[in-house]
Structures are given as C-alpha cells and as structure tokens.
Amino acid sequence: MDRSLTMELVRVTEAAAVSSARWMGFGKKDEADQAATTAMRKVFDTIPMKGTVVIGEGEMDEAPMLYIGEQLGSGVPPEVDVAVDPLEGTNIVAKGLWNALSVVAVADRGNLLHAPDMYMEKLAVGPGAAGQVDLNAPVEDNLKSVARALGKDMDDLVVVILDRPRHAELIEEVRRCGARIKLIPDGDVAAAVNTGFPDTGVDVLYGIGGAPEGVLAAVALKCLGGEIQGRLVPENEEQWSRCREMGIDDPKRVLFMDDLVKGDDAIFAATGVTDGELLRGVRYRGDLATTHSLVMRAKTGTVRFIEGTHRLKKKPNLVLE
Ligand code: VTB
Ligand code: MG
Ligand code: MG
C-alpha cells in the first residue's frame, strides 16, 4: 500500500463527519447516518485504490451504499479490504453526546476479518498493557495484570463498558475489584482507541459490542501497539453458520490481533463527529467547518492528528442537508 493512501483516507472520514455532524443534537439519527454514508461514498471514488468493502453498512440487498462486497476507489492498485463505519454512534449524534466518530480502515486484500453483523465480546488495552490480558481469564486477573503493567493502583484504573443490561454481571465484577467504570451509551470504537492514548484517562474497554466495530478497533490498536481480543457471540442458527463459514466452529475461540487483522499493512482513519476524550467534534461557523482527525499506519507506527478547516461552499462531496 502506498503511504499516500493515509492522507486520502482522512479526506473520507472528514467529509462524512462534516456531513453528519450537521445533525448533531437534532434527534435525527437516521438522517445523520445517511449524510455520513453518502458523503463517505462520494469521496471514496476519488481515491486511487481497488477496494472491496468487507465491513460496511449491510449486505447488498439491504444497503444501497457501502454494502459488503461493493467495489470502491478508482480501480487502480493496491487491492485492499475496506472496513467502514461512516457514523459510529448514530444515537450519540442525535442526542449530542460524546465520542461519535466517522471511521475507515483498510488493509491488504484478504487481511481483515469479514466479521458479520453480530455481537463480539471484547477486551482492549493500550500498548502499556498489550500481551497482559486473556479474554478467557477471570475479570479480576485481567484487571490486576493491566494495573500492574501500567504501574497503577486498582482504583486508578478506568474501564469503559457499554451501558447495557447484558453487562450487569461484568459491571458488578469490575466494581468488586475496585476499578472505576465509565458507562457509555454507544461508541465502543472510540473507547478502544482511547486505551491507546494515556491522556484520555481510559485504560480498558471490556464487554460485548458489535463485531464489525471490533475489527475497526483492532486496526487502530495494531497501529498503536495495543491489543484487542474478541470472541463472536452468535445468537441464532444463522449467525452460527456465518461463524462456521468463517472457519470458526469453536464458540470459545478467542480472536487475537492477527485473526482480526492480518499482517501490518493496515491504515486507520477517524474523524471526531462529536467531542470525545481524544478527538474534538466538528464545529461550524457560517461557511466554515473545523475537523479533528486521527490517522495511523501499522507498518510504520506513525500516528498523526490532523486539524482541518473546510470551506463548505467549495466542497462538492459534502452532504449538507
Ligand atoms: C456497540 C457500540 C456502537 O452498537 O458496538 C453497539 O459501540 C452494540 O450494539 O456504537 P447494541 O446497541 O445492540 O448494544 C453501537 O451502539 C452502534 O453501532
Ligand atoms: Mg454506523
Ligand atoms: Mg457502529
């Protein structure tokens, strides 16, 4: 993959973020999602690559854009797998809350796990605690290892968990250990990415979220030297057969970094849609919009933060109503 692709991908997430953040606080999650998806789709066609969507907005018959299998880019090499979440956190935007992102990841063809739309149990940590966790181990063992690795006391540790009834037991266990919990309404990709940056104050992401989001997080953590472990949680016969098609017949099978994203030729880009611990959301004033993005490349480990100022009237790829 050419390194210039990294900059091209930021243009994709910037356009999606500027378009969807227009809906921030208006209580309209579908409109926000649609604006992000349409803008992202438009910019992809201008990028020199031969991409195939492996994680997208749905299957061909249910999503008009960015569906799984859709071809993206101008059609020239490199051949890449593309994972997108044009708006990760539609409810967050509708309600004006924290940590909505526009996200894209690409890797060499065949290197991203084609995670179907089902749940995945996840445990993610930053580089300071990579190699120290085990999804099959008790929560207490994991939290103790992370605390030790980070040189923190247990009550310094901050664990992010999606605020869902399914996590009642996990929440109780983490509290019993003495660690703190940030309960989030949505947005576990941002939470996983945040573990890679000590300044965010986030040490661990724990619990069940979307499997596609797990692959996106894995690309980010690969770039950062962190770690995420996942386990698919099939809930019905159809989801079970999807797992088997992917060669996963042991339900306890933990997916490690190289199962989620093979090799190190991968790029992750995200733009903040609403404010978060790491990225600021989009700000508008008249004809101007400012964006705050993160783009990283696993091969070189380069991490870049990019601030953009966009002249709305001069950008044909934006979706502004
Ligand atoms: C999480 C969260 C996402 O889906 O993956 C969640 O990070 C899991 O699904 O932002 P449930 O809402 O069913 O718990 C999102 O909320 C949306 O993609
Ligand atoms: Mg989405
Ligand atoms: Mg999502």
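Where does ligand 1 sit? Ligand 1 occupies the largest pocket. A pocket here is an open set of points on a 1 Å grid over the protein atoms alone, where a 1.4 Å probe fits, with protein on both sides within 12 Å along at least five of seven lines. To sit in one, a molecule needs more than half of its atoms within 2 Å of the pocket's grid points.

This is a predicted model, in which local features need pLDDT of at least 70 and side-chain atom pairs pLDDT 80 or more, while totals for chains, interfaces and linings use all residues. Residues are numbered from 1 along each chain as its sequence is written, ligands are numbered from 1 in the order in which they are written, and side-chain values use heavy atoms, without hydrogens or water.

Start with the shell around ligand 1. Among its members are Glu-88, Leu-162, Arg-166, Asp-186 and Asp-188; each has a heavy atom within 4 Å of the ligand. The shell holds six charged, three polar and two nonpolar residues. Tyr and Leu count as nonpolar, Asp, Glu and Arg as charged, and Gly as polar.

Three side chains make polar contacts, pairs of N or O atoms within 3.5 Å. Tyr-119 places a polar side-chain atom 2.4 Å from a ligand 1 oxygen. For Arg-164 the distance to a ligand oxygen is 2.7 Å. For Glu-213 it is 2.8 Å. Alone, ligand 1 exposes 410 Å², and the protein buries 76% of that (Shrake-Rupley method, 1.4 Å probe).

Now the whole chain. It has nine helices and 13 strands, taken as DSSP runs (helices H or I, at least four residues; strands E, at least two). Its C-alpha atoms fill a box of roughly 55 × 45 × 40 Å along the principal axes.

Two loops deserve a look. Most peptide bonds are trans. Pro-77 and Pro-78 are joined by a cis bond, with omega about 5°. Pro-78 lies in the loop between strands E2 (71-72) and E3 (79-88). Leu-66, not a glycine, has a positive phi of about 55°. Its loop runs between E1 (50-55) and E2.

Note on methods:
Polar contact = N/O pair within 3.5 Å; in protein donor to acceptor, adjacent residues only side chain to side chain. 1 Å grid on protein atoms, 1.4 Å probe; cavity = no way out; pocket = protein on both sides within 12 Å on 5 of 7 lines; lining within 4 Å.
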